[in-house]
Amino acid sequence: MGGPDNLLSGWPKATGGDLPSISIRINRNFPAASCALRAPGQQVVRATQRYAIALMLLAVFSTGSYADVTGIVTIKGTPNSKDETFFAQSPNCGESPIRHTENWKIGPKGELADVVVWIVDPKLGPTTANSAPSIELKQIGCRYDPHVIAVDAGVPFTIINCDPTLHNIRAKVYDGPGQPPGADVFNFGQSYQGQKDDKQFDDPGIYTLQCDVHNWMQCWVMVLKTPCFDVTGPDGTVKLLRGADDVLEDGDYKIDAWHPRFAQPLEQTIHVKNGSATVTFQFDGSKSF
């Protein structure tokens, strides 16, 4: 395969008098209010909270059906591979030379982290804000954090060197399991702690980032042409609408889920009503690699 478009080509094409049903969700990017209360300012804090709630309610009623598409991803059975612990002595990479691979992050009830979930072809209604979130990828302790990210095609994300050592970031096209490494997309160095560089991928697909200086460092980047996506955390949950004003038109939508240790994404159809829907994905560990 020659590039991300070829990789994705094998997948299904993407990426009366009743009262309205309304659900309220707090935007994850909304700045958190201070919880440090002082007796003289208690009324001010409560007034501020009431004001914030009023603003959220105003936004809900001004945009109609409020979009709230949520889901959870789990895994059943035992994966076909295990994470490994290895020794990676290198200066300025943190206190411990003991490293762990990050292929599997599974919760006590099978909750699966590092899964990219996205609505393939969403139809968004009128919005007052639909800006992409700021995505940061950190090199810290000579590992990438997060291990899996999803970004918009053509939209920059920030790579930060948090270590007092040299890293280089080599981006390659991922052509699937068992395939040779794909073509380089970019390769640059970050020589000092705190260095930040903005990069972007113009073509949708799957990419890997790796460091030639510390060859155990690797992460995954899913590049999408859809504004509705998320990556599961340790609890396996996702919220696919990124802004407080995103409105998804009612109807049926194809939704996909991908994890780096499975050759193909899972897919299903969801029905959105009054801007809301829920979805559940379950991967089969016996089909992993």
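User: What makes strand β8 (residues 157–161) count as mostly covered?

Analyst: In this predicted model, five of the five residues of β8 are buried, where buried means under 20% relative accessible area, exposed means over 50% and partly exposed lies in between, with a 1.4 Å probe and protein chains only. Phe 157, Ile 159 and Asn 161 point one way from β8, Thr 158 and Ile 160 point the other way, and all are buried. Strands here are DSSP runs (E, at least two residues), helices are runs of H or I with at least four residues, and both are numbered from the N terminus.

User: How do you know that β8 pairs with strand β5 (residues 136–139), and which strand pairs with β8 in the antiparallel sense?

Analyst: Two strands pair if DSSP finds at least two bridges between them. Four bridges join β5 to β8, which run parallel, therefore the criterion of at least two bridges is met. Within that pairing, Ile 160 in β8 is the bridge partner of Lys 138. The antiparallel pairing, also over four bridges, is with strand β11 (residues 196–199), where Lys 199 stands opposite Phe 157.

User: Why are β15 and β18 called edge strands?

Analyst: The sheet is open, has three strands in the order β15-β1-β18, and its pairing is mixed. Its edge strands are β15 (237–239) and β18 (276–284), since each pairs on one side only. Neighbouring strands of this sheet are turned by 20° against each other on average, direction ignored, with axes taken as lines fitted to C-alpha atoms (for helices over the stretch in contact) and angles running from 0 to 180 degrees between N-to-C directions. Strand β1 (residues 68–76) and β18 pair in the parallel sense over nine bridges, and Asp 68 stands opposite Ser 276 in β18.

User: What makes the approaches of the Asn 80 side chain to Ser 286 and Ser 288 polar contacts?

Analyst: The side chain of Asn 80 reaches the backbone oxygen of Ser 286 at 2.8 Å and that of Ser 288 at 2.8 Å. A polar contact is a pair of N or O atoms within 3.5 Å, in which, within protein, one must be able to donate a hydrogen and the other to accept it, and residues adjacent in sequence count only if both atoms are side-chain atoms; both approaches satisfy the distance limit. Asn 80 is found in the loop between β1 and β2 (85–87).

User: How should the numbering and the values be read?

Analyst: Residues are numbered from 1 along each chain as its sequence is written, and side-chain values use heavy atoms, leaving out hydrogens and water. Local features need pLDDT of at least 70 and side-chain atom pairs count only at pLDDT 80 or more, whereas totals for chains, interfaces and linings use all residues.
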